[in-house]
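Biologist: Could you walk me through reading ring pairs and a sheet in a model? I'd like the general idea and then the case at hand.

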Amino acid sequence: MDYALSKAKKIDGTLESMDLDSKDKNCICISHPRAVLQWKTTLSIQEDGEVNVSTSETRMECLFRHFRNSLAHNRTYVFTDIEKGDTILLEDADEASKKISARILIKTRTLLDWIDVVQSKKQSDVQEESIENKEELTHV
């Protein structure tokens, strides 16, 4: 999947270059999964003029934040293709400014597979924690 993580304040140009802009919502190529995500950043300028850009989240946290927001705010669009499988467009936007902060075009099956991976990892962590707690209790 092609993707772009942008530290810019707006991502309109990147959305356009990745053919994910909203100029014609009825015409989008769904054959190629791709994503544009706005990454939370902080800009600081030092007294000597040095500019520092830092991020407050990892790339995965950025991706999952946009997943969560698009699902929570019902900004999801499903495209059905019987031969190739369904594709979903997840869109995140700043509620106050209405500026798009992410668009993710992904096969529905891929999204479900990622959910399974995260859930199995979470279950694995819970099981490991349970084993560690049992070991601590037996050493008391």
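**Rings and strands**

Modeller: Gladly! At 33% relative accessibility, F64 is classed as partly exposed. Keep in mind that this model is predicted.

Biologist: How many aromatic pairs does the structure hold?

Modeller: There are two. Ring planes over 60 degrees apart count as edge-to-face. The planes of F64 and F67 make 65°, with ring centres 5.9 Å apart, so this pair is edge-to-face. Both residues sit in helix α2, three residues apart, which puts about one helical turn between them.

Biologist: Is F67 buried or exposed?

Modeller: F67 is buried, at a relative accessible area of 6%. Its ring also pairs with that of W114: the centres are 5.9 Å apart and the planes at 45°, so we call that pair tilted. Since F67 belongs to helix α2 and W114 to helix α3 (residues 108-138), the pair ties together parts 47 residues apart in sequence. W114 is partly exposed, at 30%. Ring pairs thus link F64, F67 and W114 into a cluster.

Biologist: Now the sheet. In what order do the strands come?

Modeller: Five strands make an open sheet, ordered β1-β2-β7-β6-β5, with mixed pairing. β1 (2-6) and β5 (76-79) are at the edges with a single partner strand each, so one side of each has no neighbour in the sheet. On average, neighbouring strands are turned by 15° against each other, direction ignored.

Biologist: And where does helix α2 pack?

Modeller: Helix α2 (residues 59-72) packs on this sheet, touching β1, β2 (34-38), β5, β6 and β7. The direction of the helix makes about 95° with that of β6.

Biologist: How many bridges join β6 to β7?

Modeller: Seven, between β6 (residues 87-93) and β7 (residues 100-107), which run antiparallel. For instance, L90 has I104 in β7 as its bridge partner.

How values were computed:
Residues numbered from 1 in each chain as written. Predicted model: local features only at pLDDT ≥ 70, side-chain atom pairs only at ≥ 80, totals over all residues. Heavy atoms only, no water. Pairing = 2+ DSSP bridges. Helix = DSSP H or I, 4+ residues; strand = E, 2+ residues; numbered from the N terminus. Axes fitted to C-alpha atoms, helices over the stretch in contact; angles between N-to-C directions. Contact = heavy atoms within 4.5 Å. Phe/Tyr/Trp six-rings, centres within 6.5 Å; stacked < 30°, edge-to-face > 60°. Buried < 20%, exposed > 50% of the residue type's maximum accessible area, 1.4 Å probe, protein only.
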